[in-house]
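Student: Could you take me through one part of this structure up close? I'd like to look at the sheet and the helices that go with it.

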Amino acid sequence: METDSTSSNANSTAERDRARSAAWFISGDKLSPSPFARDLFQRYSRIPADNIAAHIIAVREKAWKVYPYPCIGSFRFLDFAIVESPIYETVLERLKNGAKYLDLGCCFAQDLRALVHAGVPSENLFGADLQSDFLELSYELFNDKDSLKSTFYNGDIFDLTSFQLATSGIPNPVPFQKLVGDVDILSARSFLHLFGQEQEFKAACQMVEIMKDKEGSIIMGRQVGSHEPGFHSISLGRREVFRHNPETWKGLWRRVGEATNTKWDVQAHLVDIGAEFRDSIQSAELADIKGRAWLEFVITKL
Ligand SMILES: C[S@@+](CC[C@H](N)C(=O)[O-])C[C@H]1O[C@@H](n2cnc3c(N)ncnc32)[C@H](O)[C@@H]1O
């Protein structure tokens with residue numbers, strides 16, 4: 001994958017991608033957190049109301065320097081998409097009853113914080129990301145380093161043995177290798193869409209390995225999709241990715257099921273991306289974005 005690899009060229013790659021990604025960077029004065037986000041920053045993070053915007057902008061600056069993902073530049077990390085998931089209430093109930101949740105490619109792990117804010121015990125929640133700096137910045141953004149009991153790991157989905165503990169101060173933290181095969185609900189939000197077609201397939205197979213081998217285990221999320229599925233060249237890393245509609249997404253998961261000897265029920269639908277986001281994609285992406293939409297999915301083990 002040509003992005004934020006740990007190679008010696010990583011810095012210059014990030015620098016070049018930052019230039020290519022510049023159109024995604026929305027200026028701080030356009031920031032307008034939703035009522036949900038405001039409430040969470042005030043009541044969960046205890047940031048005074050008149051300081052919320054400045055606080056978010058300052059942390060966003062640092063994250064953009066780590067790697068220029070569009071969701072960072074465009075403040076989309078302030079969308080707490082899990083609360084809009086069709087299975088949000090089910091997820092809440094299962095997690096409150098002890099199920100384990102992993103936010104894979106979590107970056108700021110905003111959905112994880114939304115779950116804690118909704119009353120889920122933070123001990124049941126785990127986050128993992130390639131970039132340890134994002135995990136540190138997530139504590140800074142949500143001001144919860146001393147209170148959150150969730151465990152974070154730093155590693156690469158293509159090598160499950162690479163994941164290391166990235167959390168301190170938690171009694172008896174679960175090593176990632178023990179979490180493998182024990183996750184009930186995995187969120188892969190804006191994650192698989194980062195990869196080219198074969199890597200996407202490999203990453204999805206790795207996700208299956210992380211899941212508990214039990215009927216009802218769930219892989220959920222939202223990523224960029226399209227009413228006109230096909231290969232798109234994207235600005236970030238100038239690479240080719242496949243943008244799915246529900247049918248091609250189901251095809252991917254049939255292939256993953258065959259390769260991993262598992263069966264999955266795949267529910268997916270396209271959600272309108274909204275005019276404002278469409279405008280920013282239009283100016284930033286190399287591809288023709290006609291048909292672009294969010295692909296919302298719930299994949300349940302049979
Ligand atoms: C586009 S961001 C999405 C972040 C978050 N899930 C969200 O929806 O706001 C993708 C995240 O995946 C992480 N990532 C990229 N490649 C990865 C890999 N090979 N293994 C684990 N995480 C990876 C990145 O560091 C980044 O934080």
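Tutor: Here's a walk across the sheet, strand by strand, with the helix contacts added along the way. Keep in mind that this is a predicted model.

Let's get the layout first. The sheet is open and has eight strands, in the order β4-β3-β2-β1-β5-β6-β10-β9, with mixed pairing. β4 and β9 (264–271) are the edge strands, so to speak the two borders, each pairing on one side only. Going from one strand to the next, the twist averages 25 degrees.

Start at the β4 border. Strand β4 (residues 159–165) pairs with β3 in the antiparallel sense, over three bridges. If you want a spot to click on, Y153 has L165 in β4 as its bridge partner. The link between these strands is a hairpin, with two residues taking the chain from β3 to β4.

Now step over to the other neighbour of β3. Strand β2 (residues 125–129) and strand β3 (residues 151–156) pair in the parallel sense, and four bridges hold that pairing. One of the pairs to look for is F126 with its bridge partner T151 in β3. To get from β2 to β3, the chain goes through helix α7 (residues 132–142), and this β-α-β crossover is right-handed.

While you're at α7, have a look at what packs against it. The axes of α7 and helix α3 (residues 52–66) come within 10 Å and cross at roughly 175 degrees. An angle over 145 degrees counts as roughly antiparallel, and α3 and α7 are therefore roughly antiparallel to each other. From α3, the contact uses V59, K62, A63 and V66, which meet D133, F134, L137, E140 and L141 in α7. Sorted by class, that contact of α3 with α7 has six nonpolar, no polar and three charged residues.

Back to the sheet, where strand β1 (residues 101–104) runs parallel to strand β5 (residues 185–187), with three bridges joining them. Here D103 stands opposite S187 in β5.

Finally, head for the β9 border. Helix α10 lies across β9 and β10 (292–301), running at about 155 degrees to β9. This helix also has a helical neighbour: the axes of α9 (residues 197–210) and α10 (residues 246–260) come within 10 Å and cross at roughly 55 degrees. That makes a contrast with the other helix pair worth spelling out: α9 and α10 are therefore oblique to each other, whereas α3 and α7 are roughly antiparallel. The crossing of α9 past α10 is right-handed. On the α9 side, F201, A204, C205 and V208 make the contact, and on the α10 side it's L252, R255, V256, A259 and T260. By class, the contact of α9 with α10 comes out as seven nonpolar, one polar and one charged residues.

Conventions:
Residues are numbered from 1 along each chain as its sequence is written. This is a predicted model: local features need pLDDT of at least 70, side-chain atom pairs count only at pLDDT 80 or more; totals for chains, interfaces and linings use all residues. Axes are lines fitted to C-alpha atoms, for helices over the stretch in contact, and angles run from 0 to 180 degrees between N-to-C directions. Angles under 35 degrees count as roughly parallel, over 145 as roughly antiparallel, 65 to 115 as roughly perpendicular and the rest as oblique. A crossing is left-handed if the near helix is turned anticlockwise from the far one by less than a right angle, and right-handed if clockwise. Two residues are in contact if their C-beta atoms, placed from the backbone, lie within 7 Å. Ala, Val, Leu, Ile, Met, Phe, Trp, Tyr, Cys and Pro count as nonpolar, Asp, Glu, Lys and Arg as charged, and the others, Gly among them, as polar. Two strands pair if DSSP finds at least two bridges between them. A crossover is right-handed if, with the strands pointing away from the viewer, the path from the first strand over the helix to the second runs clockwise.
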